[in-house]
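Visitor: I should like a close look at one part of this model, namely the place where its two chains meet. Please take me through it in a connected account.

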Protein chains: 2
Amino acid sequence: MTSVESITQSLAGLSIQPAAVITHDATSAANWRETLQTSSSAPQSFETLKTMVYKPKTAKTATPIPLVIIARENTEVNSTAVGKKLNLKEVRVASEDLLSEFFALDKNSLSPLMLTAETYPKVVTVFDASIASSSSLFAVRARSSTSTLFLQGKDILAYLRTLQTQDAPLQEIDFEALKAESEAVPASQTKAAPAKKEREDAKIDGAVQIAIGIKKEVDFAGWYTNVLIKADMLDYYNVSGCYILRPWSYSIWEVIQDWFNARIREMGVQNAYFPMFVSSRVLEREKDHIEGFSPEVAWVTRAGQSELDEPIAIRPTSETVMYPYYAKWIKSHRDLPLKLNQWNNVVRWEFKNPQPFLRTREFLWQEGHTAFLTKEEADKEVREILDLYRQVYEDLLAVPVIQGVKSEKEKFAGGLYTTTVEGFVPTTGRGIQAGTSHCLGQNFSRPEMFNIFVEDPNDTTKKAYIWQNSWGLSTRTIGVMVMIHGDNQGLVLPPRVASIQVVIVPCGVTAKTSDEQRKAISDKCDELANVLKSVGVKAKADLREGYTPGFKFNDWEQKGVPLRLEIGPADLAKNQTLTVRRDTGIKAPLPLADVTTAVPKLLDTIQADMFKRAQDTYFSRLKQVTRWEDVVPTLDDKCVVVMPWCEEEACEDDIKERSARSAEPQDERAPSAGAKSLCIPFDQSRWPSIEPGKTKCAACGKDAKRWTMFGRSY
Amino acid sequence: MTSVESITQSLAGLSIQPAAVITHDATSAANWRETLQTSSSAPQSFETLKTMVYKPKTAKTATPIPLVIIARENTEVNSTAVGKKLNLKEVRVASEDLLSEFFALDKNSLSPLMLTAETYPKVVTVFDASIASSSSLFAVRARSSTSTLFLQGKDILAYLRTLQTQDAPLQEIDFEALKAESEAVPASQTKAAPAKKEREDAKIDGAVQIAIGIKKEVDFAGWYTNVLIKADMLDYYNVSGCYILRPWSYSIWEVIQDWFNARIREMGVQNAYFPMFVSSRVLEREKDHIEGFSPEVAWVTRAGQSELDEPIAIRPTSETVMYPYYAKWIKSHRDLPLKLNQWNNVVRWEFKNPQPFLRTREFLWQEGHTAFLTKEEADKEVREILDLYRQVYEDLLAVPVIQGVKSEKEKFAGGLYTTTVEGFVPTTGRGIQAGTSHCLGQNFSRPEMFNIFVEDPNDTTKKAYIWQNSWGLSTRTIGVMVMIHGDNQGLVLPPRVASIQVVIVPCGVTAKTSDEQRKAISDKCDELANVLKSVGVKAKADLREGYTPGFKFNDWEQKGVPLRLEIGPADLAKNQTLTVRRDTGIKAPLPLADVTTAVPKLLDTIQADMFKRAQDTYFSRLKQVTRWEDVVPTLDDKCVVVMPWCEEEACEDDIKERSARSAEPQDERAPSAGAKSLCIPFDQSRWPSIEPGKTKCAACGKDAKRWTMFGRSY
């Protein structure tokens, strides 16, 4: 009997019939919700639950009794408060070992249904009371992890109740009420010394770990999506591979847009907007180019109730949309250069595993398309744009990148050559293509293609086919930034892209605090925010009523605000504020008189430090390798290989195959996937000179041309 | 024998086989190109020709000999220069009378193939030499106007050559060479007095009329598309109903975006981005709402080679995309208000006649979606946003609008009520819905819909369903602005949205001008541009070589630049510049010392004057009517009716029918189409008080409620 059969049988015994049962792959937690949302068998709407396991402090000799909390995804769970209520000491997130010991399960498989008559008595189970009173359906994994049942909240409760014993009663907790209790500061506590206060905060700090729930080093993919969701950056959407960009992430995109627009305007690039639709006839005109995209093109075939005569594609990129009009507009060398850019959405219906920001079916980007009379002008612009991309990453997002050229295999289909900025995600040791600037050469302008030419100004009897570039930067920028800077407390935003750079939190207000002093603190926070805004700092005073300072600290830490300023009665008296850096956690007092100079300076320091740390890490993981036997161990060590390379495509194919050989067959995201060339860095001076005819390719032994970065990648 | 048969027979006699022949409706010139581009029988690429007829000055008693010029669409035709070359005097655009007299054709039917053995000897025919040497195919209308042939340039030439006689030889002209000749200033002319110089410019000014080609008052639709294309605002695209927004129009949209973003940010609205795709299940959840859109929804059914399990819609608007997530995010009254906005593209696959900016299948807009605890807050915001829309029109685009509420019939499907800003296009006498701000009430939040509620803060036992608004403003703004301000010289841009507000043109440079003086003028233009830029004026010095001042004047007038500054040797000597207003043509000298204050002031004056003139016109065409018999004559007089109205839907249906009764059955764009309610103006004080029970509905005689605007509309 499979576990899903066994569980449905148990439920049937209680006269419980699941609203639906879905069978699926043993997907990771991050993909599970998406799997359900895109399944046609799933109910129209449902919620998911979180099942968390904690270990209270136990004498070393005693058998630990884990605490299992089952709550709605949106319920704010304060495990400390739960522990206090149940008289459990120092509740901590349970280790993976404990999980497998007790439940023979990893954390991704946790679900209320994993509790059986055997395991239940060994744990303390807490059940979010709002589940049973909700009219929602809840998606619950069966023990097998490959089935999901959709159940009423009251039925989940009914099931758990069948398991409870005299010694192990089911604890139903109203978390809203618990929160209100724990936020009401009892008189006894307000008298406590500041030291006590700090410990309170520390505990709540601990709760953040619970909020993110998954450690970056342990389950990077799970951590990533959790950070995005908890920081209000993004939400999953019910069309697979599409995501909602919430204001907290979209505002970063707006900063990038404004900055980039100003720069390209100086270069004479103008913004425009071309239609999102391409007729199949036009799309298929450039065979080499479209071959790279055609498996991913979304087709509109129907409007209202009418079938279209001819299917119409949604742009995967706009070369074929724009260039017929370039041919029309460019009639003389006086019409050159033509430099257009657009900010738009494009669709690439990827069938690989989608990942927010990194690989999505619809994404936002800018695409620049420029036309020149000469190759020299085109070459020059390719590099100027690439350097702007570098600046977006390094100067705005504090993300180090390496500039270089792509191998023939990795270049843009249909172009002449592709330049790239390559990033690096240390946690996985994988490279990530961060932005590309292509020289298309005359491949699109030649007569059998779009036929874009002018009379050669030097020889009017000749046609001069134009030289073209295209270059694009997408919202992937945001994903890379999150992966590199985020930590187990949540997001960490570089000041230059943070929509709130400084949050000011009033502290130390107790039941004893006079209304007057309370107001004085609150006013000072407000005043401070205004003073900072007047010098261009994006500051916000968090004066929300009904939330503890600890809650606010967590909230803003999770959202990655670069700097927190605290103002309490003592600060007020000393005319100072306490600064707390998000990136390092370093706290330091600051005289209020100095804020207008010190805060902007501190933000600059944070920005610079974040970049420096990330760059040091990147460089330390860039390993010079000259022997094939060192390649795979280096990759396995989460590093990027830089090696002398012959630049031959067959050799690149071979490297990919040989570096993956040891891995089981699985998706590209597996850490043991094959390596590909990331780029041939422009700056070769970092490594010893390649001696023609002497330096050999580390992979195949033929003559090497240049040092090339190889790595596993996104 | 039909004319297409007769012409193909003539061609066959010359062994000419058209590459393709398309049969179509007798569409207007503006739609013809689109008809061809969207026809599957048309060749992949082709050019069109322009055939222009002029009348040289002739003695009153003599029979005029028209001049027919056949040129490529992109060839710059200077009819004055042609006239000079052929010794024809004062070449003027021919009247419609002349056309019908000579060719029994209107100007939209002109084509090289209209010339027959009978008509050819009576005219002088000029043929653009670059046609015959081009490898393009050319689309040429047959005499019937309902067929188009695609021919090689050399074949068109061959056909025309069969018609020529000793007395009427075909004049082949190389227009590039002609231009070079006419721009080379002969020594004799440089000595001419300034008066002579001015006349030269005046002649070239005359050429502008040829460029736009169609008079606003005569063929408004043709004029509109011509202005858009000639001013580089827009180009037609090969997917019907989709258009390319070129930088000259897109920059206006960017001005609107920046202005509106700043205002809504102050109101606490945040920008976000939701996916463009909607699953059919979700889309169809709100029946009333989607009924309004479903005939126009574009469906994606295939990705690459795979059929999708379920078709996915492209958003026609995002209520159903967003509100499931509002339900998820709004859990407490503390989460309210929620105010999100997005700038995006939406698709409504209209089957009506598309019109650039006004009715397009894909368009750009912003859509705001907000949620409140109370109706009062929602009501307040609806009006605040509407007033922002008014300001976009009135303050940025100098377009007057009237604010009011839509009738039940005209309101947003699924909403509670719709407020609107209504514009007016004087040339056609038709109203135009310019922007709408909807209160959705609780229609989308109620349990059977998206079920968005919070605990009522005043009575925690109750659910409080939220109140919602949605509001949108699209690129239609740009179309309205063009229609209202453009003239027969081209576009007229209000200074606040012009990407170039002031163009500075060096003048009076002749062959005799010393290099030194030439440089002094050029430097002064540059300096002036920089001085103006330093005070925030978007100025540009047009220092292009190889173009006459006259050509530059036309170019910038056509593109609608609000103010031209001319600097010639005399100006330089007097340290002044000549200002020329685009809106009025008024010229006035201005001391260079005053430019930093006078130019910004003049731009403000232009902006204010443009608005005032448009508003005076609007108000003068808003006719108070109380008797039914005055309604249709008022509409026919290109006015909007304001009448006491009962506000009943049946009455509105009846008004539409009765006001259209006299018209033939034809598309909505016909001037005789039925009238609908445009809005019930908020400001009723403009008209006598409605006396309850006494004032009667002008249409049905029942009790009137409020004064309501009725009109034919876009």
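Guide: The model is a predicted one, and a salt bridge offers a convenient point of entry. Lys K328(A) is joined to Asp D235(B) by a salt bridge, with 2.7 Å between the closest N and O atoms. In total, 2 salt bridges are counted between chain B and chain A. Polar contacts add to this picture: 28 residue pairs are found in polar contact across the interface of chain B and chain A, both residues being at pLDDT 80 or more.

On the side of chain B that touches chain A, strand β13 (residues 298-303) of chain B gives the most, with 6 residues. The residues of that side comprise 37 nonpolar, 14 polar and 14 charged.

Strand β13 also has a counterpart across the interface. Strand β13 (residues 298-303) of chain A runs antiparallel to β13(B), and 5 bridges join the two. Within this pairing, A298(A) lies opposite A303(B).

The extent of the contact may now be considered. Chain B contributes 65 residues to the contact, and chain A contributes 65 residues. The size of an interface is often expressed as the accessible area lost when the parts come together. Between chain B and chain A the buried area is about 5800 Å², and carbon and sulfur atoms give 54% of it. In chain B, the residues that lose the most area to chain A are Y273(B), F277(B) and R281(B), which together account for 12% of what that side buries.

Notes
Residues are numbered from 1 along each chain as its sequence is written. Chains are lettered from A and ligands numbered from 1 in the order in which they are written. This is a predicted model: local features need pLDDT of at least 70, side-chain atom pairs count only at pLDDT 80 or more; totals for chains, interfaces and linings use all residues. Side-chain values use heavy atoms; hydrogens and water are left out. Contact means heavy atoms within 4.5 Å. Buried area is the accessible area (1.4 Å probe) that two parts lose on being put together, summed over both. A salt bridge is a side-chain nitrogen of Lys or Arg within 4 Å of a carboxyl oxygen of Asp or Glu. A polar contact is a pair of N or O atoms within 3.5 Å; within protein, one must be able to donate a hydrogen and the other to accept it, and residues adjacent in sequence count only if both atoms are side-chain atoms. Helices (H or I, at least four residues) and strands (E, at least two) are DSSP runs, numbered from the N terminus. Ala, Val, Leu, Ile, Met, Phe, Trp, Tyr, Cys and Pro count as nonpolar, Asp, Glu, Lys and Arg as charged, and the others, Gly among them, as polar. Two strands pair if DSSP finds at least two bridges between them.
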